[in-house]
Structures are given as structure tokens and as C-alpha cells.
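Student: I would like to take a close look at a single part of this molecule, namely its nonpolar core and the aromatic rings. Could you please guide me through that part in one connected account?

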Amino acid sequence: MKLFRYSSKDSYLILYTLVTLSIPIAIALLDIDFVTMLMCIPLYSLIVLNGQNSALHYHTHWPTFVDRKHNEVYEIVATMAYLLPQQWWKYAHLLHHKHNNDPANSQGECKDPTSIFYYSRGGKPRNFWK
């Protein structure tokens, strides 16, 4: 019976998700002091962000498992690991693809929530820092 829908290499993304989920659990169980925990936050943030943009992104476009139930369990685990509900991610991400960088309306709003024109004025892309 085939477990992965496309490739067994998808197991690397599953492993990455499980490692990411285990980090806050390990910090809690190891009773790490406050200063050390604060030093871990930037690295942990990068790990989570990378997981959102790799594992969640990949799973949104190509479901990881053949079985729907396995995909649902993975989505629950990924939601906990990446601190972002999988269904919200999927909704926002697919909206982005559907309306990729659409121009802003008269109120400065776009259908693509990540559009570079969101809240822009005069049809110019908004500043990166905004």
C-alpha cells in the first residue's frame, strides 16, 4: 500500500514538521532558564517561518498522503507546529494565487491578501516595509 501520494521524499517535510513541533515541548520539558529561552526565540521563529513556506506551502498544492485521513492528521500536527491553522493558510495562499498581485480598488484593498499593491496609492506598489 502506498503511503505518500507523490514521493517518499515527502517524509523529509513530515520529519521537519515533527522536529518543529518538538522544540517547544523540549524547552518545556528541559525546564530551560528564561534567558536561554529568549535566545532560542529568533532561531525557533526562523524554523517556523521556513516550515510555513516549505512544508505548509507544499502540502497546500500537493497533499502529502494518499489517504485523506492521513492528510487531516498531518494538517492538525502542522497547525500546532507552525502556529498557523492549515485551513487559513490554504485559503489565504490559494486566494493569493487566484488574484496574484491584483491592483487595489479605490479603498486601496486587493483580493490578494499578500498583493504588493494592498493599500497602495496611485497604482504604485507599496513600500516593502509597510
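**The nonpolar core and its aromatic rings**

Tutor: The model shown here is predicted. Let us begin with one residue, Leu56. Setting aside residues up to four places away in sequence, Leu56 touches Gly51, Ala78, Tyr82, Leu84, Gln86 and Trp89. Leu56 also belongs to the largest nonpolar core, which has 13 residues. Those with the most contacts inside this core are Ile14, Leu56, Phe65, Tyr74, Ala78 and Tyr82. Two or more core residues are given by each of helix 1 (11-30), helix 2 (34-61) and helix 3 (68-82). Helix 3 supplies the largest share, five residues.

We now turn to the aromatic rings. The structure holds three aromatic pairs. One of them joins Tyr58 and Trp62; this pair is tilted, with 5.2 Å from centre to centre and 45 degrees between the planes. Tyr58 has a relative accessibility of 21%, and because buried means under 20%, Tyr58 counts as partly exposed. Trp62 is likewise partly exposed, at a relative accessible area of 40%.

Another pair is formed by Phe65 and Tyr74, and its arrangement is edge-to-face: the centres are 6.2 Å apart and the planes meet at 70 degrees. Both Phe65 and Tyr74 are buried, and both are among the residues with the most contacts inside the core. Together with Phe4, Phe65 and Tyr74 form one aromatic cluster.

Note on methods:
Residues are numbered from 1 along each chain as its sequence is written. This is a predicted model: local features need pLDDT of at least 70, side-chain atom pairs count only at pLDDT 80 or more; totals for chains, interfaces and linings use all residues. Side-chain values use heavy atoms; hydrogens and water are left out. A nonpolar core is a set of buried Ala, Val, Leu, Ile, Met, Phe, Trp, Tyr and Cys residues joined through side-chain atoms within 4.5 Å. Buried means under 20% relative accessible area, exposed over 50%, partly exposed in between (1.4 Å probe, protein chains only). Helices (H or I, at least four residues) and strands (E, at least two) are DSSP runs, numbered from the N terminus. Contact means heavy atoms within 4.5 Å. Rings of Phe, Tyr and Trp (its six-membered ring) pair if their centres lie within 6.5 Å; planes under 30 degrees apart count as stacked, over 60 as edge-to-face and the rest as tilted.
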